[in-house]
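Visitor: Please take one small part of this model and look at it closely. Then show me how the rest of the chain is put together around it.

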Amino acid sequence: MRNASTIDRLRPLLIAGVAVIALPFLLRALGLSLNTGTWMLGLAIAAMGLNLCIGTTGLVSFGHSTWFGIGAYAAGLIQLRFFPGEIWLPLLGSMLVVAIASSVTGMLILRRRGVYFSLLTLALAALVYTTAFRWTSLTGGEDGLGGLKRGGIGAFSFDSALNYYIVVAVIGLAVLYVLMRLVRSPFGHVLVAIRENQLRASFQGYPVERYKLAVFVISAVVTGLAGALIAFLNYLVSAEAVSVPFAGELLAMVVIGGMRSLLGPALGAVFFILFRELFSIWTSDWLFWFGLTFVAFVMYSPGGLVGIGSRVMRRFRPPAEETAAMSRRKIYDGLPLPGFLRPEALKGTVLEVSNVSRKFGGIRAVENASLKVAAGEIHALIGPNGAGKTTLFNLVSGLYAPDHGTIRLQGRDIAGVPANAICHQGLARSFQITNLFRGLSIYENLRLSLQARRAMRFNVWNDIDAYKDIHAETAALVKFLGLEGIEEIEGGELSYGGQRLVDLGIALGSKPQVLLLDEPLAGLAAAERERVSNLVKNIASNIPVLIVEHDIDRVLGFSQTVTVMNQGAVLMSDCPGAVRADLRVQEIYTGKGIPAVERRRSDAADGTHEIVLRLDSVNTFYGKSHILNDAALDVREGEIVALLGRNGAGKSTLLKTIAGLVPAASGSITYRGDDIAGVAAPDIARRGIGYVPQGRGLFAGMTVRENLALGRLARKTDGSDGVVWDDEQILQYFPRLKERMNVAADYLSGGEQQTVAVARAMSGNVRLLLLDEPFEGLAPAVTLELFKVFDALRRHMSIVIVEHNLDLVLALADRVFALERGAVFHQGTAAPLLNDLSYRKQILWL
């Protein structure tokens, strides 16, 4: 890893210094006053302060004029009432006032995230503006707070425009230097990590809320200082300084200049003032044209003026191609786990989960689950879809708190402890879907984990390059993972296999005593699966591993203990051989071979019926994860087709691809003669394809009648593409809903919610119904009722169904397509799999 040179570190300050010297000459050439230049510098300071929130940390504040105005009023009042004629003490006092006010405010509004935080800042600006405008005795009301003086130093009077310009310029350069040090410090790097992925930063061991509060206060103080400087420039403070329009102007300066650049907001401030001064000469509607300019930057240059400059420079100096990056890495097979990652010798039970339960609404996701992870072992956690494995991971790692039960790590109870504190106690995890800092390099992703275990993670002044030991450890971890040579590539640019390695490395960099791995082999090619498997075995010789993995053959091959979950409860824990032979485990994966219900016989499987849907060589990706791999199937008129396969095989993704929710990267999807592979999801729905997602996806708060009405909204209802399912026809199949039509959907039972979800999908010209786990979590009586409905519906439509209850779905289906790693490896009629359990195990078991 190349350390930044002194010139690289100081480049923004050098550029700013040259700009400050050149600015007066530019203004004179344009016929503008030096006071306009001071305005530019003051606004540049305010914009850089705001950018610390927005560009660096990702906290979008719509009301930062609050701190600009409070800083101005505080400086003015302190001078007028306590230090007449002074400027330095009022400036310092205003910074202290803003720090206290923003600390209190931040503790309240930072509890909300995203748009709610932004709206709270906007409301705060409106509140402060109204207060300033109405509190005449304190603020002067609409007349403002006048009579301010700039003071001076001896004979050096700040009343001179040039002298005050110099003062503001020096303060601005000092602020820039402080911000440069902060951004390049360990603290500043954590802020960028929070911007990129707040959840991952928390699981690395960073107390995210403390960092956000600290940066919010620092940002407010910098912006408040700018407000005080502008107040002394004008000799006056008015309520306009805290107005909502001014807050919007500050935000526009940051966006137009460039949010991800330290100097971009300052450039945006200069652009704003020049635009205002020059366009206002030409037209009184300059703000309208500025608004159009702002919209243009948002749409066509999100990187602002700095982004435009970067694109121009890339034309003259094109960056090196990063294609096939993984092929350039250096792999050292057989490397031992670096010594600094090895915990002290562990003995006995390291992690113990006892009788843990968790409910989400009316769904019991985990119920009285218990397991033990011993030192030196790989402990596998397996089970069918919806068994509760990932939820249990989330409970153990601190994403959720259990309703009851205990979780002990090295004898200490960690149930309900925040994720960042659990990480520091010695437990780290990877994620089912790769969870990286996608905009940061591989090296930075890994270094952030390693620095999280050091006290220096809170340092706001020292340069990150000063910590040689951290860089040495990061280099060793990069080498161990086999990523040497490509450390500078951003995480989001890596192949899916590379992202999996980085995700594993981030967890490993936390120096855990127990490592939780959630599907580390998912989506990997054969060679990469072998390599990651060897890494896991290597790690487990020093750090016990609890692993969730759907490649059951492989996980049973390298684990010492296996815990099987089903329907939120632990079925058994034993050695792999005992688990493989256990009939209960086989039943939850393959069923009992005893159909609980009888279905209506259909002749659709004989091949004489018209083909409604055909998929040919369909490939689908999530990011860079290859989910569907040349998938092919067909569905005939009046037929029920079942999609079978293990967790992660691609069944739900196939349904979403048909529905247009996940676009196919290649291949064809022919529905009634038309290729719909590139058609948008709403248009596919209007063509007569209904989709019922796993989890129902109802419009909570809306009644059953409103849900059904929205189901048929914007679809044809003339019967041209199939049956028109009005409320009367739907209630013939779901009579229980007749009394529930005016009840909010979220007040219904689970079975009633499922029937509403199916009825909503049918509401319209539905000829093809896609069902994802329709029987999940339902009582036996409700399951039987829905089974009969689906069986009867084959007279009106074709159905594609994903369901983990094999006895049920095989009794219902005419034909089956079985998937593994996104490809169809078996197809045929359902009858042989339904009636011959040994054949079913041969096809679908280990």
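**A short strand and its surroundings**

Guide: Within strand S9, Arg412 is the bridge partner of Leu409. The model is a predicted one, and everything below is to be read in that light. S9 pairs with strand S8 (residues 404–409) in the antiparallel sense, over two bridges. Both strands belong to an open sheet of four, in the order S6-S5-S8-S9, with antiparallel pairing. At its edges stand strand S6 (363–374) and strand S9 (412–413); each has a single partner strand, so one side of each is left without a neighbour in the sheet.

Strand S7 (residues 378–382) can be set beside this. How many of the residues of S7 are buried? Five of its five are, which makes S7 a mostly covered strand. In a regular strand, side chains alternate between the two faces of the sheet. On one side of S7 are Ile378, Ala380 and Ile382, on the other His379 and Leu381, and with all of them buried both faces are covered. The pairing of S7 is parallel: four bridges join S7 to strand S12 (residues 545–548), and four bridges, again in the parallel sense, join S7 to strand S13 (residues 561–566). Leu381 has a bridge partner in each of these strands, standing opposite Val548 in S12 and pairing with Thr563 in S13.

These strands are part of a chain whose secondary structure comes to 32 helices and 26 strands. The radius of gyration of the chain is 32 Å, close to the 28 Å that the globule rule gives for 846 residues, so the chain is as compact as a globular protein of that length. The C-alpha trace spans about 100 × 70 × 55 Å along its principal axes. Of the 846 residues, 54% are buried. The chain exposes about 34900 Å², and carbon and sulfur atoms supply 57% of that area. Counting contacts between residues at least 6 apart in sequence, 74% join residues at least 24 apart.

The nonpolar interior comes next. The largest nonpolar core has 96 residues, and the members that touch the most others are Leu43, Phe68, Tyr164 and Leu229. Helix H10 gives the largest share of this core, 16 residues. Leaving aside residues up to four places away in sequence, Phe68 touches Leu43, Ala46, Thr223, Gly224, Ala226, Gly227, Ile230, Ala241 and Phe246. Another core, of 51 residues, lies apart from the largest one; Val692, Tyr733, Ile801 and Ala811 are among its members.

Helix H10 also carries a charged pair. Side chains of opposite charge can pair when their charged atoms come close. The side chains of Lys212 and Glu209 form a salt bridge, at 3.7 Å from N to O. Both residues lie in H10 (residues 208–234), three residues apart, about one turn of the helix. Are the two partners buried or exposed? Lys212 counts as buried because its relative accessibility is 2%, and the cut-off for buried is under 20%. Glu209, with a relative accessible area of 37%, is partly exposed.

Further along the chain, Glu639 and Arg815 join their side chains in a salt bridge of 2.5 Å, N to O. Glu639 lies in the loop between strand S16 (625–636) and strand S17 (640–644), and Arg815 in strand S25 (residues 815–820), so this pair ties together parts that are 176 residues apart in sequence. Glu639 and Arg815 are both buried.

Asp814 forms a salt bridge with Arg794, and the closest N and O atoms are 2.8 Å apart. Asp814 is in the loop between helix H30 (806–812) and S25, while Arg794 is in the loop between helix H29 (780–793) and strand S24 (798–802), so here the parts tied together are 20 residues apart in sequence. Asp814 and Arg794 are buried too. Elsewhere, Arg9, Arg184, Asp463 and Asp465 are joined into one network by salt bridges that share partners. The count of salt bridges comes to 26.

How values were computed
Residues are numbered from 1 along each chain as its sequence is written. This is a predicted model: local features need pLDDT of at least 70, side-chain atom pairs count only at pLDDT 80 or more; totals for chains, interfaces and linings use all residues. Side-chain values use heavy atoms; hydrogens and water are left out. A salt bridge is a side-chain nitrogen of Lys or Arg within 4 Å of a carboxyl oxygen of Asp or Glu. Buried means under 20% relative accessible area, exposed over 50%, partly exposed in between (1.4 Å probe, protein chains only). Two strands pair if DSSP finds at least two bridges between them. The radius of gyration is taken over C-alpha atoms; the globule rule is 2.2 Å times the number of residues to the power 0.38. Contact means heavy atoms within 4.5 Å. Accessible areas come from the Shrake-Rupley method with a 1.4 Å probe; for residues, only the protein chains shown count as cover. A nonpolar core is a set of buried Ala, Val, Leu, Ile, Met, Phe, Trp, Tyr and Cys residues joined through side-chain atoms within 4.5 Å.
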